[in-house]
Amino acid sequence: MRKNILLLALLTIVPTIAQEDTPQQWFMRARVLQVDQGDIADFEKAVAKKTKMFNSEDDQPRWITFRILSGTQANNYLRMQLTTDISDFDNEDIEGNQYWEKTVGPLHTSLGNRYWQRSNWASYVPENPKQMNLRRIIYYNYKDEGEEDFWRFRGRVKRAMTESGYASRMSVLVCNSGCNGNVVQVRFHHDGFAGQNSDYGEPLQSMISKYNELFGEDAYEQDSGKASDALEENGRSIRHHELIPELSSGW
C-alpha cells in the first residue's frame, strides 16, 4: 500500500507523459533454467518444439526465453511467462506442462521463481519500436527511505527519453515476489553490442541534455546521485541477456 501511495505522489513530481493513452499492464513470472553444456542443443530443440506446439496461439500461455550472457548464471537460460491478466497465473497448462516435463524436464534444473510487474509509469517505448534481441539489465535494490529519490529519477528519465525521441525501448520491472528488498530491473533493448555502443553515444547525451533542460542545470547528475545514494550496499548489478526468438512465443 505504501508503494502505491508513493507512486501516486510521485506523479505530482514528474508530469504525466501522454505517451500511451491506455498502456497495457504486463505481469511476468520467471525462472532460471540450468542446462549442462552437453545438453544445450537438445534443450533448445525441445524448448522450440514445445513453444510452437503449446505457446504460439492467442489463447495459449505466452513465454519468452533468454540466454544469460554474463554473471554467475551465464550460459544458462531465463524463461518468462508474460500476461496482461495476472489471473492467468491461476490457470495450469496441464497438457503443455506434461509435455514440458517429458521432453525438456530431463535436460534442465529449474532455479527459483520470481514474479515481476512492468511499471508503465517509468518504462519507455519509442513510437516505432523494433525488435532488438540484446538486453542490458541493471538490477537495483533500494532502501525504504530512498524510495522517493529512486523513483523520481526513473520517472524523469522516461520523460527525457520521450521528449528527446530516444530510439530504443527501456522496460522497468518491479519484483512482486521472490526477491529480498525493493528489487527493480531496468532493461535496455539494444541491437547487439554494436547497437548498445551506439545507443550510449549521441542518443544518451541528447537524453541527458533534455533532462537538464526540463529539470534544471546539472539535474541529471544531481538526481542520479540521489538515486545511487538510495540503494542498499551492493544494490546495483549489471547483466546481459539475449532473446532467442525461436524459443519464444510470437506476438
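Begin by selecting helix α4, residues 147-164, together with helix α6, residues 202-215, and look at the place where α4 passes α6 in a right-handed crossing. In this predicted model, the two helices pack at an angle of about 110°, with their axes 8 Å apart, and that angle makes α4 roughly perpendicular to α6. To see the residues involved, show the side chains of F153, R156, V157, R159, A160, M161, E163 and S164 in α4, which meet S206, M207, K210, Y211, L214 and F215 in α6. If you colour this contact of α4 with α6 by class, you will find 8 nonpolar, 2 polar and 4 charged residues.

Keep α4 on the screen and add helix α7, residues 219-229, which packs with α4 at an angle of about 140°, again with the axes 8 Å apart. That angle makes α4 oblique to α7, and the crossing in which α4 passes α7 is left-handed. The contact is made by D149, F150, F153 and R156 on the α4 side, and by Y220, D223, S224, K226 and A227 on the α7 side. Sorted by class, the contact of α4 with α7 has 4 nonpolar, 1 polar and 4 charged residues. While both pairs are displayed, pause on F153 and R156 of α4, which take part in the contact with α6 and also in the contact with α7.

Now hide these helices and select helix α2, residues 40-54, with helix α3, residues 94-103, whose axes come within 10 Å and cross at roughly 165°. Angles over 145 degrees count as roughly antiparallel, and α2 and α3 are therefore roughly antiparallel to each other. Their crossing is right-handed. On α2, the residues to pick out are A46, V47, K49, K50, M53 and F54, and on α3 they are E95, G96, Y99, W100 and T103, which together make the contact. By class, this contact of α2 with α3 has 6 nonpolar, 2 polar and 3 charged residues.

For the last stop, turn from helix pairs to empty space inside the model. How many cavities of 30 Å³ or more does the structure hold? There is 1 cavity of 30 Å³ or more, and the largest cavity has a volume of about 30 Å³. To find the place, select P126, P129, K130, M132, A167, S168, R169 and H189, the residues that line the largest cavity. With these residues coloured by class, the lining shows 4 nonpolar, 2 polar and 2 charged residues.

Definitions and conventions:
Residues numbered from 1 in each chain as written. Predicted model: local features only at pLDDT ≥ 70, side-chain atom pairs only at ≥ 80, totals over all residues. Heavy atoms only, no water. Axes fitted to C-alpha atoms, helices over the stretch in contact; angles between N-to-C directions. Helix = DSSP H or I, 4+ residues; strand = E, 2+ residues; numbered from the N terminus. Parallel < 35°, antiparallel > 145°, perpendicular 65-115°, else oblique. Left-handed = near helix turned anticlockwise from the far one by under 90°. Contact = heavy atoms within 4.5 Å. Nonpolar A, V, L, I, M, F, W, Y, C, P; charged D, E, K, R; others polar. 1 Å grid on protein atoms, 1.4 Å probe; cavity = no way out; pocket = protein on both sides within 12 Å on 5 of 7 lines; lining within 4 Å. Points joined across faces, edges and corners; volume = space filled by probe spheres on them.
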